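These are my notebook entries on side-chain pairing and packing.

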Amino acid sequence: MNHKNLNEKWYGTTVVSVRRDSEVVIAADGQVTLGDTVMKANARKVRSLAGGRVITGFAGATADAFSLFERLESKLEKHSNNLMRSCVELAKDWRTDRYLRRLEAMMLVADKEVSLILSGTGDVLEPKDGLMAIGSGGNFALAAARAMFNSKLKPEEIAKKSLEIAAELCIYTNNNIIIEKIK
């Protein structure tokens with residue numbers, strides 16, 4: 001690796017969530033890219049937290065995301081697994097804490113009742129239609145999921161197909177798809 005690559009930015013994630021009726025899933029591709037080089041093709045960017053009651057996916061720096069996963073799990077324990085309250089508290093910390101402010105990641109989180117997008121700018125956003133996506137191919141995946149939403153496909157199938165479409169369009173997204181759903 002030449003010295004120039006050390007200053008390049010890490011890219012490569014598409015994460016999508018689909019909620020319909022009583023089902024919710026979060027799915028992500030596995031590609032991590034540094035500049036024009038694929039560094040890893042099978043990264044796991046989705047996790048289950050709180051004993052499987054919360055699912056989450058991240059886009060951004062991996063180490064930063066793991067810090068956020070730990071913080072979110074701590075907030076969930078503190079607030080009796082109330083996802084909305086835990087996310088609002090995490091967003092407050094993320095925006096005001098000197099260490100957390102430097103973290104470069106976004107998260108999708110969901111439980112049986114709510115789906116949310118979290119960002120380091122203090123945003124806690126709830127989609128109106130049960131669909132959300134983040135990352136380099138997020139807009140492609142979101143558009144594809146919206147197009148399929150009223151079909152007979154299950155949320156898991158919509159998430160998978162939308163990521164496959166994003167992978168065809170976004171060079172930072174691949175077809176190594178991992179899906180988590182509320183059990």
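**Cysteines, core and charged pairs**

I searched the whole structure for disulfides (a pair of cysteine sulfur atoms within 2.5 Å) and found 0. I worked on a predicted model, in which local features need pLDDT of at least 70, side-chain atom pairs count only at pLDDT 80 or more, and totals for chains, interfaces and linings use all residues. Residues are numbered from 1 along each chain as its sequence is written, and side-chain values use heavy atoms, without hydrogens and water.

I then looked up accessibility, where buried means under 20% relative accessible area, exposed over 50% and partly exposed in between, with a 1.4 Å probe and protein chains only. Cys87 is buried at 0%, and Cys170 is buried at 6%.

Next I examined the largest nonpolar core (buried Ala, Val, Leu, Ile, Met, Phe, Trp, Tyr and Cys residues joined through side-chain atoms within 4.5 Å). It has 19 residues, and Cys87 is among those that touch the most other members. Helix α2 (62–78) is one of the elements that give two or more residues to this core; helices (H or I, at least four residues) and strands (E, at least two) are DSSP runs, numbered from the N terminus. The largest contribution, 5 residues, comes from α2.

I also counted 7 salt bridges (a side-chain nitrogen of Lys or Arg within 4 Å of a carboxyl oxygen of Asp or Glu) in the whole structure. One of them joins Lys181 and Glu156 at 2.8 Å, N to O. Lys181 lies in strand β12 and Glu156 in helix α5, so this pair ties together parts 25 residues apart in sequence.
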